[in-house]
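User: Please take a close look at one helix and what surrounds it. I would like cut-offs with each term.

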Amino acid sequence: MFINILLVSLGGAIGAVLRFSVSPQIDKLFSSNFPYGIFLVNIIGCFFIGLLGNKLSENESLRLLFIVGFLGSLTTFSTFAFDNYNLLNLRSYYYLFANIILSNFIGIIMVIIGTRTIKLFN
């Protein structure tokens, strides 16, 4: 179990540092309010989880390092997309659309509630 925690931690540290380093650099290339940096990091992460997701599922150590750790930290969006891809393959359309709609709308609502809640205490 300890080695699994180390693998996730190592991959996560690399993914977080890469996102922290790359995303603002991409934003500097565009003069826009659109978050190009995180958008491109998310899309690239989706490509790599598609590329590696099924292949690495056969090797638990590599899956933990690259999928859970690195890509999970680089972008949780890639994991979200991969989960939805799996629901699509299972033809679980109800759960697919529920996950997409609920995750996005409830996520935004929770951010609003969180920001308004913290304002109450400031």
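Analyst: What follows looks at helix α3, the loop after it, and a surface patch elsewhere.

This is a predicted model, in which local features need pLDDT of at least 70, side-chain atom pairs count only at pLDDT 80 or more, and totals for chains, interfaces and linings use all residues. Numbering runs from 1 along each chain as its sequence is written, and side-chain values use heavy atoms, with hydrogens and water left out.

Helix α3 spans residues 60-74. Helices here are DSSP runs of H or I, at least four residues, numbered from the N terminus. Buried residues in α3 are L64, L65, I67, G69, L71, G72, S73 and L74. Buried means under 20% relative accessible area, exposed over 50%, and partly exposed in between (1.4 Å probe, protein chains only). Their cover includes α1 (2-29), α2 (36-56) and α4 (76-89).

N59 caps the N-terminal end of α3. One of its side-chain oxygens lies 3.1 Å from the backbone nitrogen of S61.

T75 sits in the loop between α3 and α4. T75 counts as buried because its relative accessibility is 2%. Beyond neighbours within four places in sequence, T75 is in contact (heavy atoms within 4.5 Å) with R19, V41, N42 and G45.

Now the surface. Helix α5 (residues 93-120) gives the largest share of a nonpolar patch, 10 residues. I101 belongs to α5 and is among the residues that make the patch. Why is I101 classed as partly exposed? Because its relative accessible area is 45%.

Definitions and conventions:
Helix = DSSP H or I, 4+ residues; strand = E, 2+ residues; numbered from the N terminus. Polar contact = N/O pair within 3.5 Å; in protein donor to acceptor, adjacent residues only side chain to side chain. Patch = residues over 30% accessible without salt bridge, like charges linked within 9 Å, V, L, I, M, F, W, Y side chains within 5 Å. Areas by Shrake-Rupley, 256 points an atom, 1.4 Å probe, with all protein chains shown as cover. Salt bridge = Lys/Arg side-chain N within 4 Å of Asp/Glu carboxyl O.
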